[in-house]
Amino acid sequence: MSGAARAYYSLIYTIAQDKSGLDVDNDSLLSYAYNYYRQHKDDSLYAKCLYYMGKYYFLNDSTKQSVDLLSEANRVAKEQGDLYTQYLALEKLSKSIKLRSPKESVEFAKKRMMFF
């Protein structure tokens, strides 16, 4: 498999796990996708990869990494016009920041509400 195909498979497998209700507690596949897409930031899947990596860190109590990745996912998704990923990133970002700063969390929650 080429690098692009392997990264795509890794990310899609992670998304499928998430959609079926399984929390990603092992980042071995996702890390491969993340390393690939970090070098291909113009790819349409870059924001999604950032979101899922941020979610992985959120689930594993790594708040700083989670906030950094989810903030970047929000920014990239907004640039790409990917409202779905932007919504997901803002939702998880508000929860991540809530652990650090409840007042700041409310601001991200308000931004997310703009989607309704």
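At what angle do helix H1 (residues 3-19) and helix H3 (residues 46-59) pack, and how far apart are their axes? In this predicted model, the two helices meet at an angle of about 55°, and 11 Å separates their axes. Before turning to the details of that pairing, it helps to look at the chain as a whole.

The chain contains 6 helices and 0 strands. Read from the N terminus, its elements follow the order α-α-α-α-α-α. Of the 116 residues in the chain, 41% are buried. Contacts between distant parts of the sequence are well represented: among the contacts with a separation of 6 or more, 53% are between residues 24 or more positions apart.

The packing of the helices can now be followed pair by pair. Two packed helices are described by the angle between their axes and the distance between the axes. With the angle of about 55° between them, H1 and H3 are therefore oblique to each other. Their crossing is left-handed. On the H1 side, the contact involves Leu11, Thr14, Ile15, Asp18 and Lys19, and these residues meet Lys48, Cys49, Tyr52 and Lys55 of H3. Sorted by class, the residues of this contact comprise 4 nonpolar, 1 polar and 4 charged.

Helix H3 also takes part in a second pairing, this time with helix H2 (residues 28-38). Here the axes come within 10 Å and cross at roughly 140°. H2 is therefore oblique to H3, since the angle does not exceed the 145 degrees above which a pair counts as roughly antiparallel. The crossing of H2 and H3 is left-handed. H2 contributes Leu30, Ser31, Ala33, Tyr34, Tyr37 and Arg38 to the contact, while H3 contributes Tyr46, Cys49, Leu50, Tyr52, Met53 and Tyr56. The contact of H2 with H3 has 10 nonpolar residues, alongside 1 polar and 1 charged. Cys49 and Tyr52 of H3 appear in the contact with H1 and again in the contact with H2.

Which residues of H2 are buried? They are Leu30, Ser31, Ala33, Tyr34, Tyr36 and Tyr37. Together, the buried residues of H2 pack against H1, H3 and H4. A link between H1 and the sequence further along can also be seen at tyrosine 13, which has its place in helix H1. Tyrosine 13 lies 16 residues from leucine 29 in sequence, and the C-alpha atoms of the two are 8.3 Å apart in space. Tyrosine 13 itself is partly exposed, at 38% relative accessibility.

Attention now shifts from helix packing to charged side chains. Side chains of opposite charge can pair when their charged atoms come close. Across the whole structure, a search finds 7 salt bridges, and three of them, described here, lie in helix H4. One of these joins lysine 64 and aspartate 68, with 2.8 Å between the closest N and O atoms. Both residues belong to helix H4 (residues 63-80), where they sit 4 residues apart, about one turn of the helix. An α-helix has 3.6 residues a turn, so residues three or four places apart point the same way. Is this pair of side chains buried or exposed? Lysine 64 is exposed, with a relative accessible area of 54%, and aspartate 68 is partly exposed at 43%.

Further along H4, glutamate 72 and arginine 75 form another salt bridge, with an N to O distance of 2.5 Å. These two residues are 3 residues apart in helix H4, which separates them by about one helical turn. Glutamate 72 is partly exposed, its relative accessibility being 24%. Arginine 75 is likewise partly exposed, with a relative accessible area of 39%.

Arginine 75 has a further partner in glutamate 79, and their side chains meet in a salt bridge at 2.4 Å, N to O. The spacing in helix H4 is 4 residues in this case, again about one helical turn. Glutamate 79 is exposed, with a relative accessible area of 59%. Through salt bridges that share partners, Glu72, Arg75 and Glu79 are joined into one network.

Note on methods: Residues are numbered from 1 along each chain as its sequence is written. This is a predicted model: local features need pLDDT of at least 70, side-chain atom pairs count only at pLDDT 80 or more; totals for chains, interfaces and linings use all residues. Side-chain values use heavy atoms; hydrogens and water are left out. A salt bridge is a side-chain nitrogen of Lys or Arg within 4 Å of a carboxyl oxygen of Asp or Glu. Buried means under 20% relative accessible area, exposed over 50%, partly exposed in between (1.4 Å probe, protein chains only). Axes are lines fitted to C-alpha atoms, for helices over the stretch in contact, and angles run from 0 to 180 degrees between N-to-C directions. Angles under 35 degrees count as roughly parallel, over 145 as roughly antiparallel, 65 to 115 as roughly perpendicular and the rest as oblique. A crossing is left-handed if the near helix is turned anticlockwise from the far one by less than a right angle, and right-handed if clockwise. Contact means heavy atoms within 4.5 Å. Ala, Val, Leu, Ile, Met, Phe, Trp, Tyr, Cys and Pro count as nonpolar, Asp, Glu, Lys and Arg as charged, and the others, Gly among them, as polar.
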